[in-house]
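User: Please take a close look at one part of this model and describe what is found there. A connected account with cut-offs is preferred.

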Amino acid sequence: MTSFKTQPRSLLPQEFAVILRNTGWIIFWIQITLAVISGAILVFALGDPNFNLKANNFMSGSGLLFAFGGLITLMLGVYWAFRYTRLAEELSTFEEGIHPKKSAVIKLLEQGLTINTVGIILTLLGVEAVVGVLIAKSLTQVEGLTVYNASQLIEPLDMLVIQANINTIFAQFIGIILPFRLTNRLSHH
């Protein structure tokens with residue numbers, strides 16, 4: 001029985017350099033855009049005196065701490081995406097001393113995967129804590145009664161903080177999935 005699967009041909013270093021450069025710029029721009037948006041939301045939330053999640057609550061405090069940790073890790077991922085573009089320039093040269101080895105390329109891609117994975121974990125911990133606080137608030141609200149404590153209300157800004165975390169997770173996911181495909185392709189050739 002014949003198989004219809006064909007093995008992809010090996011890429012030349014210059015072809016891989018073009019793919020790596022394009023991938024690096026795609027990751028860079030997606031991550032920097034979402035990091036700026038998420039960072040602005042989180043900074044705005046901390047500066048708002050009516051922001052409910054910054055009350056002296058361990059869960060909400062740790063949630064914001066993890067959210068900022070994920071954001072800082074995302075910024076490191078942005079830097080790493082930029083490094084992909086620089087590595088691509090080195091790969092496209094024909095000079096023997098500058099041209100990096102395949103193992104060095106795979107190592108750099110794996111480091112980027114690790115950075116973004118750690119970032120996703122931190123951000124997921126943050127969003128879990130924030131959502132937990134909001135669920136607790138929603139469960140303690142009684143319909144039809146006057147609320148005497150404003151910190152019991154779920155505000156639109158609370159939801160924006162969740163959106164900021166989701167933006168950060170999406171950006172880090174992009175920083176994982178694209179380099180993973182490249183690493184996979186390099187490892188099999």
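**A residue pair in helix 2, and the packing around**

Analyst: Arg 86 and Glu 89 both belong to helix 2 (residues 58-92), 3 residues apart, about one turn of the helix. Helices are DSSP runs of H or I with at least four residues, numbered from the N terminus. This is a predicted model: local features need pLDDT of at least 70, side-chain atom pairs count only at pLDDT 80 or more, and totals for chains, interfaces and linings use all residues. Residues are numbered from 1 along each chain as its sequence is written, and side-chain values use heavy atoms, with hydrogens and water left out.

The side chains of Arg 86 and Glu 89 form a salt bridge at 2.7 Å, N to O. The term requires a side-chain nitrogen of Lys or Arg within 4 Å of a carboxyl oxygen of Asp or Glu; the count by this rule is 1. Arg 86 is partly exposed at 31% relative accessible area, and Glu 89 is partly exposed at 42%. Here buried means under 20%, exposed over 50%, and partly exposed in between (1.4 Å probe, protein chains only).

Helix 2 also takes part in the packing. The largest nonpolar core (buried Ala, Val, Leu, Ile, Met, Phe, Trp, Tyr and Cys residues joined through side-chain atoms within 4.5 Å) has 20 residues, and those with the most contacts inside it include Tyr 84 and Leu 91. The largest share of this core, 7 residues, comes from helix 2. A second, separate core of 18 residues includes Leu 71 and Leu 74. Contact means heavy atoms within 4.5 Å.

Note on methods:
Helix = DSSP H or I, 4+ residues; strand = E, 2+ residues; numbered from the N terminus.
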